[in-house]
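Hi there,

Here is the structure I promised to pass on to you. Have a look at it first, and then read on for what turned up.

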Amino acid sequence: MYRAPRGTFDILPEDQPQRRFILDEAMSLCQLYGYQRLDTPIFEDYQLFARSSAGGTDVVDKEMYVFEDRSQQKLALRPEGTAPVCRAYLEHGMFNWPQPVRLYYWGPTFRYERPQAGRYRQHHQFGCEALGDSDPALDAELIEMAERFLARLGIGSFVLYLNSIGCKQCQPGYREALQHHFAKHVDELCPDCRTRLSRNPLRLLDCKRPSCQAIAATAPPISGYLCPDCRSHFESVQSHLARLGIDYRLEPALVRGLDYYTRTVFEVQPDHEAAQSALVGGGRYDNLVEQLGGKPTPGVGFACGIERLVLGLSNSGVVVPPSPYPEALVASLGAEAKGKGVELARQLRDAGIGAIMSTGRSSLKAQLRQANALGARYVLIIGEDEVRTGTVMLRDMAANKQETLPADQAERQLRHALGSTPQR
Ligand code: AMP
């Protein structure tokens, strides 16, 4: 028997209400802040991701699903949503639109990671990006949005971590300082960190291995290396957050997994001890559009993992209403009645009443059992007697009552009954 590939999963009907709730909240949030939806393909030119992070990150080096198509084009399943948004921004000349351009996306994301709770090989992300403006108020807007989103979902306890990782001007000096610091302990570093030391020393700060963390703890903080512009940008972001009453913790070791970030970076973590997985991650990426061949264009955004939010809903005890039950099931006995039933079901749907046609040749008892299992509120029964007399039996499943009606009145009577019984 085939199973879904490792690290992937089916989203069953019973899982849909929570995800629908998250999507509805995401869409109304974006409407509130003026972000428009952009859908990009789930695969892109491999170079888009390779170039955007210039290598040296796990996402690009180890986790991408890369393949050649039948014309030997090297493609990658998207491991994240920001580079595709920037690609679309350039491809569609969005730099000619009024800036900043505010966009959001929602869709599957692929990373070849070791599957564990909240970590999958195909997961889904909702993300917001604002391109074409370097105003620190925009950084604060995105953080405010992420916070409001979690609050609206009812995910109560979380911590926002904030840092600035500088820009093209000041980051090289900091990288050198880190290289100098970590080089003194090179023998104690894990093999991954030894590679990172020359390629991407910032990433040494967020290695999860305790031995590397101990060395990272004594590394010089970036705050001492920020250039005046980056410092003033960061101060301004913080003063906006203070005005908005948004709590945050400064976290000098927060560098984020992708290489294109500049200045503001942030992450929202659940506020309980076992938590190690971010709900939301984001930041500024002022060099990315240029790296992809455009004019220098600042950008800032965040992404959140839908599966982490689903977990967050459960952990916070949020109860999402189930999908609505079908309103009616049409049951029939015999070929002639089946034909009448098919017609009646269509008539009900024409009138906007949800109707499920009972198929096959089961007994009336079995059809009523089916109605119960589906949670149908009413059953319309057509048997041989009903065919002969041109009637339909309308059964109220909750009240355990039934009445016989002329067939041409069934729809009107059902509509009336639905209007007067509360939704289950
Ligand atoms: P990142 O681009 O790594 O910051 O990811 C953005 C968000 O997506 C994270 O904050 C998580 O909520 C979620 N996420 C990242 N990787 C995975 C994964 N493998 N499985 C599930 N969710 C993920």
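In what follows, a residue counts as being around the ligand if one of its heavy atoms lies within 4 Å of it. Please keep in mind that this is a predicted model.

Let's start with the ligand. There are 15 residues around it, and those that come nearest are Arg111, Glu113, Tyr120, Arg256 and Ala278. By class, this shell splits into five nonpolar, five polar and five charged residues.

Two of those nearest residues also turn up in polar pairs with the ligand. For Tyr120, a polar backbone atom is 2.9 Å from a nitrogen atom of the ligand. Arg256 uses its side chain instead: one of its polar atoms lies 2.7 Å from a ligand oxygen atom. Gly305 offers a backbone N or O atom, 3.0 Å from an oxygen atom of the ligand.

How much of the ligand does the protein bury? On its own the ligand exposes 480 Å², and the protein buries 92% of that. Strands β6 (122-131), β10 (280-284) and β11 (299-305) are the elements that each give two or more residues to the shell.

Now for a pair of helices. The axes of α6 (residues 171-183) and α7 (residues 191-199) come within 9 Å and cross at roughly 145 degrees, and the crossing is left-handed. On the α6 side, the contact is made by Arg175, Gln179, Phe182 and Ala183, which meet Leu197, Ser198 and Arg199 of α7. That contact comprises three nonpolar, two polar and two charged residues.

Enjoy exploring it!

Best wishes

How values were computed: Residues numbered from 1 in each chain as written. Predicted model: local features only at pLDDT ≥ 70, side-chain atom pairs only at ≥ 80, totals over all residues. Heavy atoms only, no water. Polar contact = N/O pair within 3.5 Å; in protein donor to acceptor, adjacent residues only side chain to side chain. Areas by Shrake-Rupley, 256 points an atom, 1.4 Å probe, with all protein chains shown as cover. Helix = DSSP H or I, 4+ residues; strand = E, 2+ residues; numbered from the N terminus. Nonpolar A, V, L, I, M, F, W, Y, C, P; charged D, E, K, R; others polar. Axes fitted to C-alpha atoms, helices over the stretch in contact; angles between N-to-C directions. Left-handed = near helix turned anticlockwise from the far one by under 90°. Contact = heavy atoms within 4.5 Å.
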